[in-house]
Amino acid sequence: MRIQHTAIATAVAALALGLSHSAHAQTTAPAAASAPAATTVEITGIRASLEKSLETKRASSALVEVVTAEDVGKMPDKNLADSLQRLATIAVRTDYDEAEKVSMRGNNPDMTLILFNGHTVSGGDWFIADQQSSSRSTSLSLMPSSVLNQALVYRTSQANIVDGGLAGTINVTTRQPLSQPKPFGGVVSLGAVYSTLPGKSAPDLSATMNWKNADGDFGVMGQLFAEKRYMRRDSLSRNGFNFGWTTIDIAGLSTSANPMRGITDASLAGTGLRAADLNGVRMPSAMGSEFVEGVRDRTGGVIALQWKPTKTVDLSLASFRSAMNANNYGRLNGSAMEAMLRGQSFYPSASEPNTNAAPTVAANRIYPEIRNPVIATGTTYWGDELRYLKSADIVFPAGTRPALVGLNDNSYRDGARATSAFTDLNAKWDVSDRLVVKGLLSTTKGTGETLEDQGVAWYRFGQGVTYTLNGLDAAPNFGYINAGTNKPGLNADGTGYQAFTQRNSRSRTLDTEQALALNAEYDVNWNMLTTLDVGVRHADHKRNFQRWVYTRKRVAYDPLPATGLESLPSNFASAIGSGFDKSGFYYDQNTIQSWIDNQWRSYGDDWDRLMNSYIDMRERQSAAYVMQNFDQGKLSGNVGVRFVRTEVDANIVNRLPAGFCLKSDPTKPTVPCARFPGAIVDAADLYNWYDGDLFGKVTGGTTPSAANSTAAAYTQPYFLVPTKRIFNNVLPSLNLRYELDKNMLLRGGLSQTMGRQNYNVWAQGVTSPTCNANTGICTVVGPNPNLKPLTSNNLDVNWSWYFARRSLVSVGYFESKIRGYTKFGGLQQDTFIELLDPVTDTLKNYFVISAGQQKARIKGFDIGYEQPIGSTGFGITSNISRAKTRVEDGRPMTGASEWAANLGLYYDDNKFSARLVFNYRGEYVATATAPAPNSNAQTNVVIQGVTLPGTALTWAAPVTNVAFSAGYKFSQAFELNFSATNLTDPVRAQYRYGEYELQKQDVSGRQYYLNARYRF
């Protein structure tokens, strides 16, 4: 039985099935049954847009979710990620106050492939920590809602979809000029956004203009946007020395090499506790606050051209660019509780101001006491109960002069920005009534960079620290005991601040891809067989990350400025609590920037390079597919297979043994290393010499003097080890759609999908080469170039009932069995790279201590419901999903929330419309999406008799958010819109083994948008 098409349904099916801009090679949905010619239908309003989405879902053979242009325009969303989080089985990662990265089916964002107009899009990240990551996840912060036409979310795979989306694929289309209803028209939106926490407003502008000729065979569309928003984040966290939590070690009661000797029975007199009662108890390593201000200034646009020279040929060109300037300034005020307790504190005059290890001079070791301890019991994520120190005073003994109690840090990131751009050329040729040929040529480039990551830090000296934990939703109470005045510099009694370090570096990620895709659709028209799709695709992808560190001019710092000092705002973190220290000072950004600039110099990009963070790789992806669509009465669908070849070339960085080569003076012509010609001798890699010093401080021969603190860096240049690997994957797929009756559908999908490893797992540098003299076995810590792409066998079943107009009830089940999930840590017996053995001066095979692979599994269900409420204009949209994950090593899956839910209430009477949206995301592991390949995550530790992961995970606590939008049409041409996001200003909290182990709390405030929109 064929689907009965209304005019609206026909127009929507055409859009979804490739007769509009989504007809791009490699991502086109399978063609539905032929339908009568569509009449022109203009769809506006919330209700009409929901109907459009439902009809698209209903017509598709695959299981899809849809966000249309009207959805984006009417939802309280500013970018695509905001809108996508409303859909079933989708969750987003929110940075500060905006959704950025999308995950599907319980996976992390790296495993979701995002396409634009049928091809991948390169992008960068504005935040330096993300720039230095090597994740494959795409940040949608560069993609404003105003340029989008439709987002089609493939929850089940099929052979003609671009490979790489292990969890799912999202194809976003931009608008086409010939699809617009008017020969000449456009929209101008003028407005502003107000952010409550920074208390600032900024312009929010966009414009679209479209023209097509009288014959309707050539058109041009231009879109521009300029959206600026000030942002601020107030955080209470474990900032300071020794980030995280620790276990109390009592001298004589534990095997710790560095016990907390100040905790004794005598020091606890009067508390009712003995030292043994505290042994093994968990406590925060530090306590502090962080105040971050920044701006997100996003500008760009799209130009699209479309030409139909004949009735059978359709050519279109789209070019997009978005750039976001995002300078940000963070001020950290953190304590040093664990460092103090372990005797790593010191006096301002100590000769060894080093908090990373206990001072070697016994006289410099100072051990504080714990007073007024309160021990409580908390429950871990796995259900075990552990005792922890809920509150305490950590105080140096009476008569002790002020010593290290914390730090203050100012970090200004100047020139922080991200860009994303692509150009694609699409061609469609109806060769005959039965054969259609399509082609897609695309190029894309994205960058993420910070021109100067500048910072200065001060030690803080006092007599103690006090704290009390108050749960995940309320800020802890904490403060310093006799720590001096709130300004840089030491006081006469030894309290106050002393500068101890500064930094100045630059980072840049460059991501590019060029791709060509060709496919053909042939109408077999034989029995139940409809169209046969075949196609090929080749992409050349390059990824490069570099970091540059500038050279210090002088050993001694210039005197710090006496002006430009500021204090935390009075309302800092007031949404969380008030019983915490706010005494941290900071310099205004101009003052700190000019002071730091005077301390450093650049010798050019080659010399400034930090080689141990270098990533340079090329990835060539080739694919061919065949897919047969079929339709037999109530049963329709497609079956196909995709063959994928991935070729990875990576340059892995390795360091030479000491003494093999010397670095070359950057002020003179480069002198190559005779003993190892491939050595990179023109990169400092943190080697520093000061004004007036002889380069290398050579006192005789070729050995730097002991006075040079970076002598090793001077004699150990790096070299590059090229690696090449080829991986082949065969990805079959089957999608079935069965009409139980005209309004009730049953869908099923079986597929194998793949996802490629993060870039650092294949390409980051190696460290610690070691050869065992007895066994002759050599090992090195680093990436594993043999890691295969991840694969997943997927099952999807979905029942949908379209019981009334714009109404749907759906229930779905999904399951994924993953192979190749990354397992960090351990010797890889089958993986080695060729390195230089310093003893024999020969190249040897070194086994890699690196990431391995394991199995993982995801099972889940989702329920969706939406319906207008009679003829009142009101309606409801909702969904809930659950994804249970299991990893072979017992660790939880990174980025996976078990529960996600949405509830939307709307009203629309074609003049006034409003929507209120509630979004919930459950807890998930928030550890970085691209951890280091040599991180040892497989160790265990026993705490209070309970075996726990040795590398503590960081969990993001559940969060609920609310957004609102409303619009009023004064006429068909003029409309006023208001929207508000982050309305509940939720506290976003993180914790370690259990919720009692608070790691971080932050708030970002609310944002209010007011826009006047004029259509012509």
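In this predicted model, a walk through the strands can start at a turn: strand 35 and strand 36 form a hairpin with 6 residues between the strands, and in this hairpin Arg806 takes a positive phi near 60 degrees. On either side of that turn lie the two strands themselves, strand 35 covering residues 790–801 and strand 36 covering residues 808–823, and they pair in the antiparallel sense over 11 bridges. To see this pairing at the level of single residues, look for Asn798, which stands opposite Gly812 in strand 36.

Strand 36 also has another partner, for it pairs with strand 39, residues 852–868, again in the antiparallel sense, and here the pairing extends over 15 bridges. A pair of residues to look for in this second pairing is Lys823 and its bridge partner in strand 39, Gly852.

Further along the chain, a second hairpin can be followed in the manner of the one above. Strand 41 and strand 42 form this hairpin with 3 residues between them, and Asn910, which lies in the turn, has a positive phi of about 75 degrees. Strand 41 spans residues 899–908 and strand 42 spans residues 912–921; the two run antiparallel and are joined by 9 bridges. Within this pairing, Asn902 stands opposite Asn919 in strand 42.

From strand 42 the path leads on to strand 47, which is made of residues 959–969 and pairs with strand 42 in the antiparallel sense over 10 bridges. Here the residue to find is Ser913, whose bridge partner in strand 47 is Gly967.

Note on methods
Residues are numbered from 1 along each chain as its sequence is written. This is a predicted model: local features need pLDDT of at least 70, side-chain atom pairs count only at pLDDT 80 or more; totals for chains, interfaces and linings use all residues. Side-chain values use heavy atoms; hydrogens and water are left out. Two strands pair if DSSP finds at least two bridges between them. Helices (H or I, at least four residues) and strands (E, at least two) are DSSP runs, numbered from the N terminus.
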